[in-house]
Amino acid sequence: MSAKVPFVDLKAQYRSIEPEIKAALGAVLEKGDYILGSAVEAFEKDFAAFCRSRHAVSVDNGLNALRLALAALNVGPGDEVIVPASTYIATALAVSSLGAKPVLVDCDAGTFNIDAKAAERALSKRTKAVIPVHLAGQPADMDAIMALAKDADIPVVEDAAQAHGAAYRGKPAGSIGRLGCFSFYPGKNLGAYGDGGCVVTDDDALAERLRSLRNYGQKVKYEHVEKGLNARLDTLQAAVLSVKLKRLARWNEERARHAARYRELLAGIPGLDFQAPQAGAAHVYHLFYVETDRRDELRAHLKAAGVDTGIHYPKPVHLQPAYADLGLAPGALPNAERHARRTLSLPMFAELSQRQLDCVVGALKDFFAAKPAA
Ligand SMILES: Cc1ncc(COP(=O)(O)O)c(C=O)c1O
């Protein structure tokens, strides 16, 4: 039986834009320019404007957006890059894939974003960059991060994979650091019908290098100036993304409205905590987090009531077997570990109906009423 309330509902979104999507895909098929076609250029122009950045260089996924952003900054073996431990593993993998070392730091206990003080303590002579992640769609403490990066003379690469349309002190997420990286994984606030990603920057030289790196290191055909990748966004995906981009601001408003309603209806339940707001940040609620010591029990209760939830993420990066080589034992980054133990993501998507939201709230209240916090 399918859930009464799914965690996300990509089909509901598709139904709301179906004729336009079909027309956009049909136009690409008629034209046949599947690789770096005109729809790619058009999307890049629109997405750059949306992020108020000079350039948007689209790529094939969010991991490669981060990877190529770091490669364009010449990050390589022997270098260190500061990364929060509370993130999807891609942030760290982008660093290690270039032979550099991700230096994992703890998150703030309230916002779950990178703790700027911890980032500052992690600086070394080998630090080549810092990557704040705007987790769940809420920008990190960018004043503090930009200040420490300026003092250390290192670039900031924003991981805005979960934060399309978010803002910090009025500036779009992704446009604050030297480079901003996005994922268009289908469930993201701006999602393709497959993989996709993008890097935005105001820096002309970095943008040019990124365009070459994503396309076999060539500036003109068969003239390879460096060892690049095939990391291009498909023209079909670009056409889909352009249709969706026009609606993104409205969809983000819907998400914020659902978040406000969750907060209002769930306020005051002992043992249930929310993500703390970051001063200056406009959150786009890619995820809506609640936290409780009885997370697994709550999750099972919601599942039985027909409510699907997610956990983002059940294990912080430093405790993943893939990063055992960093030698960080349990207890090393306590805020990130506590977040991983306690966090639960409630259903969140623009098309979430009031009835569905009320169903989530009702099931959650039943759980805490039946078993109040000790
Ligand atoms: C914070 C973060 N960074 C990077 C990525 C990587 O993006 P992709 O899955 O498109 O490679 C994701 C999403 O999956 C993410 O959530």
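## Ligand shell, domains and core of a predicted model

The ligand is surrounded by 15 residues, of which Gly 62, Leu 63, Ala 90, Ala 161 and Ser 183 are the closest. The structure described here is a predicted model. Helix H3 and helix H4 (90-96) each contribute at least two residues to the shell around the ligand. By class, this shell comprises six nonpolar, seven polar and two charged residues.

The protein chain contains 11 helices and 15 strands. Its C-alpha trace spans about 70 × 55 × 35 Å along the principal axes. A compact globule of 374 residues would have a radius of gyration near 21 Å, and the value of 21 Å for the protein chain therefore agrees with that expectation. Of the 374 residues, 49% are buried. Among contacts between residues at least 6 apart in sequence, 70% join residues at least 24 apart.

The domain assignment divides the protein chain into domain 1 (10-242) and domain 2 (247-370). The centres of domain 1 and domain 2, taken over C-alpha atoms, are separated by 24 Å. Across the boundary, 34 residues of domain 1 are in contact with 31 residues of domain 2. On the side of domain 1 that touches domain 2, helix H1 (10-31) and strand S6 (167-168) each supply at least two residues. H1 gives the most to this side, with three residues.

The classes of residue in the ligand shell and on the domain 1 side of the contact are set out below.

| Set of residues | Nonpolar | Polar | Charged |
|---|---|---|---|
| Shell around the ligand | six residues | seven residues | two residues |
| Side of domain 1 that touches domain 2 | 16 residues | 13 residues | five residues |

In soluble globular proteins, nonpolar side chains tend to be buried together. In this model the largest nonpolar core has 108 residues, and those with the most contacts inside it are Leu 68, Ala 69, Leu 70, Ile 145, Cys 181 and Val 199. Helix H3 (residues 62-72) gives the most to this core, with eight residues. Because domain 1 (10-242) and domain 2 (247-370) both give residues to the core, it lies between them. H3 thus appears in two settings: it supplies at least two residues of the shell around the ligand, and it gives the most to the largest nonpolar core.

Which residues does Leu 68 touch, when those up to four places away in sequence are not counted? They are Val 59, Val 199, Leu 210, Leu 213, Arg 214 and Ala 231. Among them, Val 199 is also listed with Leu 68 as one of the residues with the most contacts inside the core.

Terms used: Residues are numbered from 1 along each chain as its sequence is written. This is a predicted model: local features need pLDDT of at least 70, side-chain atom pairs count only at pLDDT 80 or more; totals for chains, interfaces and linings use all residues. A nonpolar core is a set of buried Ala, Val, Leu, Ile, Met, Phe, Trp, Tyr and Cys residues joined through C-beta atoms within 7 Å. A residue is buried if 20 or more other C-beta atoms lie within 10 Å of its own, exposed if 12 or fewer, and partly exposed in between; C-beta atoms are placed from the backbone. Helices (H or I, at least four residues) and strands (E, at least two) are DSSP runs, numbered from the N terminus. Domain bounds come from an automatic or database domain assignment. Two residues are in contact if their C-beta atoms, placed from the backbone, lie within 7 Å. The radius of gyration is taken over C-alpha atoms; the globule rule is 2.2 Å times the number of residues to the power 0.38. Ala, Val, Leu, Ile, Met, Phe, Trp, Tyr, Cys and Pro count as nonpolar, Asp, Glu, Lys and Arg as charged, and the others, Gly among them, as polar. A residue is near a molecule or strand if its C-beta atom, placed from the backbone, lies within 6 Å of it.
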